[in-house]
Amino acid sequence: MTTKFTVIGQRVHNVDGTEKVTGSAKYTFDVVLPNMLYGKVKRSPYPHAKILKIDTSKAKKLIGVKAVVTGKDTLGRKQGIWRRFPELCDEEILCRTKVRYIGDPVAAVAAIDEDTAEEALDLIEVEYEPLPAVFDPLEAIKEDAPQVHDGVELNININRHIEWGDVDEAFQKCDHIREDQYKCSSQAHVCMETHDAVASFGHNGKLTVWTSSQSSYYIQRLYADMLDMKESDIRVMNRHTGGGFGSKFELDSAQFPAAILSQKLCQPVKIVLSREEEFTATKRRTPMYYFLKLGATKDGKLLAKEARVITEGGAYTAMGATALYLTGFFSSFPYKYPNYRYDGYRVYTNTAVTSAMRGFGAPQSTFVGESQLDMMAEDLGIDPIEIRRKNGMTPNYEVPGQAFIQSCGLHQCLDKIEDHIKKRGKLPPNHGIGVSAYGFMSGGIFNWFNTPYAFSAAVVRINIDGKVDLYTGACDIGQGSNTTLSMICAEELGVKLEDVRIFSGDTGICPPDLGAWGSRETLMNGNAVKRAAADAKRQLLEFAAAHMGANIVYDLDIKDRWVHLVDRPERGVSYFDIVKAAIRGKDGNAIMGRGYYTPHRKGMISPAYSFGVQIAEVAVDPETGRYKLVNVTTAHESGTVVNPLGIEGQLEGAIMMAGGYGYCEDQPMDDGKILNPSIADYKLIRSLDMPETEILEIDTYEPEGPFGAKEAGEGLTNPTAGAIGNAIYKAVGVRINDLPITPEKVFKALREKKQKAK
Amino acid sequence: MINDFEYLAPKTLKEALALLDKYQDDCKVICGGQSLLVLMRQGLVAPPYMVDIKGLNELSYIKDEKDGLKIGATTTHRTIEKSAVIKKKYPVLAKMETRLASIQTRNWGTIGGNVCHADPAGDPAPVCIALGATFTMTSSKGKRSMPAEDFSLDYFETVLEPGELLTEISLPPVPAKTGTAYTKFNVIESDLATVGVAVTVTLGAGDSCQDIRIALGASAPIPLRTKKAEAVLKGKKITEALLAQAGEAAAAEADPISDIYASDDYRRELIKVLVPRITREAMANARKAK
Amino acid sequence: MKKELKFKVNGQPYDIFVKPKALLSDVLRIELGLTGTKRGCNSSSCGACTVMLNGMAVKSCSVLALQANGAEVVTVEGLAKGNKLSPLQRAFLDHGSYQCGFCTPGMLMSSTALLTENPKPTKEEIKEGIDGNICRCTGYNSIIRAITAVVKGDYKEAK
């Protein structure tokens, strides 16, 4: 659907671009306040232990130390993101009686500088009674396994079930059935800015926090829960944030201890987690054991799919419950399964907490699903694109009882990718191209957080000079929401992008927004912003109509600062003049527009979904197993493209992250200890390793989204691991079912294949 | 957290050696600090005295002399990478540098600092061994030299005595019909070696191996010269079968560890593949050479 | 005991006293208040702290401040001339070569050093030039496109 936009669809500089390229963007990392102290956190060296005694006396005596706190200085409450379910609120953050993973915090220090604080940590004496620990969920789920949380049977934190049709009956009717097992690894977010916070309690008992966050509202609410305060006595300000990727929307071990210390001292306390703490003691991607059963007819019609998943939960619930649910739902994507069943179990273990990471369970489900589907295609002698075409979702499809998909450009994506593969032609030896298709949500409809607020809200204020202030709780973590939302506001109001100034992520001045996760900002907050701008515009047009004396049959609109009759656009008046008139008409008050959005009656998951198909071309060195990512080409659709430069950036960045998930990123552990907690040892794709990337845009329109837009950014992380796995199989005929697909695994698989052939 | 230390910045080599004599084990020498500062930030090394030799320009040089190329120990990696004479006469050294860590590291870190750090996964040491390099150490008592392959004793341990500084790396003139090649196997392009292989071959008549040096990185507690593998090829006509045998011999001679990057078994398999591969590349370079 | 450090940063001379153990990154950020330069790791691996020292890109977290005595340092704050952005800065803006922006100062310093040393790098040399800098957001290719555009001559130095 093509509409003439004046702002949307333009390749614009990010609204905070000049700050970022001049180094003047201020992050929490840069915040320095008068009278500020520096904090450090003491953490458990044991994966599971009772805390018998904490002696802070020596630390307190160290010159320069102002306060030392432990769990005893807190109210002993437990945080949880699934606030509707108190039994899932299980994390004290500063542990009082028990530690459950290596890195679990037990104390914190505030001192005049970081070095003194670090020295003080060594002086805190903690007496532990180590307990038996369990690290693998398949072990933890056994009867005799150590209990991570009291009263939780078999360490099963939560289980989810999704079902439609009758899979058992359907499997009887299948011509071919495959059963496969997979292991999906963990992954670290590796935000360039680690978790950090400056917490400042005033003598009036109110708390102000500068922090790197994906949701300042969530942090505010969780602080209120943990400190037994009124939300509104807490102000959380999200500065420029150096990345989130799912790691920064729960109260963390920089934010909470900083507040407890500050509460004691009435001074600002800054805690910045070290990179090592970032790797070992913040949340990470959920590792999963996947058991898949897939049934089809001999001509490739998928009849039934059954997925059973056991996830490694780590020590606390966090957002892991959502990952468990979404992986089960997206295991049914992007195909039409008449019969489907999913059973997932999240199992507590004495390891670092597993939670949300870009894709939220869908990179895992897409890797396993797309790998198995390629094997099914091979078994049946069907082309990989063809089998996807035969079963792929289409517009206005209902996932039975679960979701209604309005726009869907999957088939156009398949066509484009098929063309690309044909054009590539004959590949050199040991090269392979693997296909992987995905679909992903534009924000979740669920409210397990139990907010009474609309999911997204925005306020627009038009000032006398025609400049527009946009207030929204949405957090820009680098994904460009400040720019995208400003563009939506400008487009709706009919002004230029430079006329809009956005205030975001500050709970003190912005209406609440659930934050940047689940790829929700463009659709949900975009809708709120569009509605707020429309509200403000309506008020302007009321005055314009009177001012212009237009016949009642005419509609008015504003485009590019020109208030005009829609049918006679040459008849109009300057936006700036109307603003002045409207403000005078309102007794000298700036024009205020309000908008909000909460999805209602949109199924169980999301109001809209984006789709795509990706190929990865690899070149394998069969003698060593090493392979190069030569090219990753993606055909995708995300409805109307609001911020094209932003989407391209999201796609290429997703390839770096998702490619890493497939190729080299891993967190090997030994008895619960992460063995590579540094950027030297945790392998990341750098510029020399990055493949050539190509984007093939498909034009679609999503009725639920602002101007037809929907998500782009998280879904793009889903397909790459599967595409890599499928490509390696095409190149050298071996399949690796556990991530990451390292050269050593490829080498060993090839060696095994050679030995079997003898 | 870095400890508080006394900082000393001598202006001449003589001054530096006097300081080392004075403080012995109580001091650490810093030059580029690209390895040392990582250790100090983690509190693994905490010297009361730091002797900074970065300013000793007299130790930073590349001299092309009749009896070979002399590289001062405080010459930066980047200088070596960009040196016209090295690119011409010892191109493998310049090529090795292009994948050593990052440009930032190479701009400040030095070849001397790298080999003295004695990480067996380092790139320069196997290449130096393959090139037949000699390392010269200086103390207030005088100089001593030894072949590069004898310089490391164990992980992060060299023959350097307190009071001694590595001052020069010298490369003998390249004989006729000689070629060297180096590769490191890793997962990320500029990463440390999972396994490194450097080979120098001097060809005789009819593709025969007149002389050969094979050195492995990240395959033992020290950068390892694999003489048994060399013996398989030396003096013989090089065939695919012999190359494979040399690879097997090198893998057997190696003593790699299993760690989170690779198992010892895989490292040995890589050696079996890469020794023949790099020997072939060295032979090709030798054929091209005068 | 603190020692004297005399150096120039962004053309401005400084004469200060620092602890011997002070890293150049800390002195820039804390003593001089130039917070554009970031720290992203503790293992000298991420490149977020990259500055130019005597025209060379170095990781300021891995240089003792005292080693910069007598040197000329340029940080991201020194790239623009008054309010005129450098060609690379303008190219980054046009190509969307940043997202969260935390790695951006380091990326700009590596890119500036690259083009200062070699105004016509090949694509491979450009990739090498920023290989010491981790970016978790952009996937590098938009950065490479921006540098390529500057190399092509699409951006002239502002007067």
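Which residue of chain C forms a salt bridge with A:Glu692, and how far apart are the closest N and O atoms? The partner is C:Lys123, and the closest N and O atoms of the pair are 3.3 Å apart. Please keep in mind as you read on that this is a predicted model.

## Where chain A meets chain C

That salt bridge belongs to the interface of chain A and chain C, where the rule finds 7 salt bridges. On the chain A side, three elements each supply at least two residues: helix 1 (17–22), helix 16 (644–663) and strand 32 (692–697). Helix 16 of chain A gives the largest share of this side, with 7 residues. Sorted by class, the residues of chain A that touch chain C are 21 nonpolar, 18 polar and 10 charged.

How many residues does each chain bring to this interface? Chain A has 49 residues in contact with 49 residues of chain C. Together the two chains bury about 3,900 Å², and carbon and sulfur atoms account for 55% of that area. There are also 32 residue pairs in polar contact between chain A and chain C, with both residues at pLDDT 80 or more.

One residue on the chain C side gives a nice local view of this interface. C:Asn141 is found in helix 5 of chain C, which runs over residues 141–152. Leaving aside residues up to four places away in sequence, C:Asn141 touches A:Glu652, A:Met690, A:Pro691, A:Glu692 and A:Thr693. A:Glu692 is thus a contact of C:Asn141, and A:Glu692 is also the salt-bridge partner of C:Lys123. Is C:Asn141 buried or exposed? Its relative accessible area is 11%, and because the cut-off for buried is under 20%, C:Asn141 counts as buried.

## Where chain C meets chain B

Chain C also meets chain B, with 30 residues of chain C in contact with 27 residues of chain B. The rule finds 3 salt bridges across this interface. In one salt bridge, C:Glu124 pairs with B:Arg99, and the closest N and O atoms are 3.0 Å apart. The number of residue pairs in polar contact between chain C and chain B is 19, again with both residues at pLDDT 80 or more.

Which elements of chain C each supply at least two residues of the side that touches chain B? They are strand 3 (50–53), strand 4 (56–59), helix 3 (104–117) and helix 4 (123–130). Strand 4 gives the most to this side, with 4 residues. By class, the side of chain C that touches chain B holds 10 nonpolar, 11 polar and 9 charged residues. As for area, chain C and chain B bury about 2,500 Å² between them, with 51% of it on carbon and sulfur atoms.

## Helix 15 of chain A

Within chain A, helix 15 (residues 575–585) can be followed from one end to the other. Ahead of the helix residues, A:Ser574 caps the N-terminal end of helix 15, with a side-chain oxygen 3.1 Å from the backbone nitrogen of A:Phe576. The buried residues of the helix are A:Tyr575, A:Ile578, A:Val579, A:Ala582 and A:Ile583. Why do these residues line one face of the helix? Seen down the axis of helix 15, the buried residues fall within an arc of 130°, so they share one face. This fits a general pattern: an α-helix has 3.6 residues a turn, so residues three or four places apart point the same way.

Just after helix 15, A:Asp587 takes a positive phi of about 60°. A:Asp587 is found in the loop between helix 15 and strand 27 (591–597) of chain A. With a relative accessible area of 68%, A:Asp587 is exposed, because the cut-off for exposed is over 50%.

## Backbone details in chain A

Most residues other than glycine have a negative phi, and most peptide bonds are trans. Besides A:Asp587, the backbone of A:Arg561 is worth a look: A:Arg561 has a positive phi of about 65° although it is not a glycine. A:Arg561 lies in the loop between strand 24 (556–559) and strand 25 (562–565) of chain A, and is partly exposed, with a relative accessible area of 22%.

Two cis peptide bonds of chain A are set out here.

| Cis peptide bond | Omega | Loop that holds the proline |
|---|---|---|
| A:Phe333 to A:Pro334 | near -10° | between helix 9 (320–330) and strand 16 (339–348) of chain A |
| A:Leu739 to A:Pro740 | near -10° | between helix 17 (720–732) and helix 18 (743–757) of chain A |

Definitions and conventions
Residues are numbered from 1 along each chain as its sequence is written. Chains are lettered from A and ligands numbered from 1 in the order in which they are written. This is a predicted model: local features need pLDDT of at least 70, side-chain atom pairs count only at pLDDT 80 or more; totals for chains, interfaces and linings use all residues. Side-chain values use heavy atoms; hydrogens and water are left out. Contact means heavy atoms within 4.5 Å. Buried area is the accessible area (1.4 Å probe) that two parts lose on being put together, summed over both. A salt bridge is a side-chain nitrogen of Lys or Arg within 4 Å of a carboxyl oxygen of Asp or Glu. A polar contact is a pair of N or O atoms within 3.5 Å; within protein, one must be able to donate a hydrogen and the other to accept it, and residues adjacent in sequence count only if both atoms are side-chain atoms. Ala, Val, Leu, Ile, Met, Phe, Trp, Tyr, Cys and Pro count as nonpolar, Asp, Glu, Lys and Arg as charged, and the others, Gly among them, as polar. Buried means under 20% relative accessible area, exposed over 50%, partly exposed in between (1.4 Å probe, protein chains only). The arc is that of the directions from the helix axis to the C-beta atoms.
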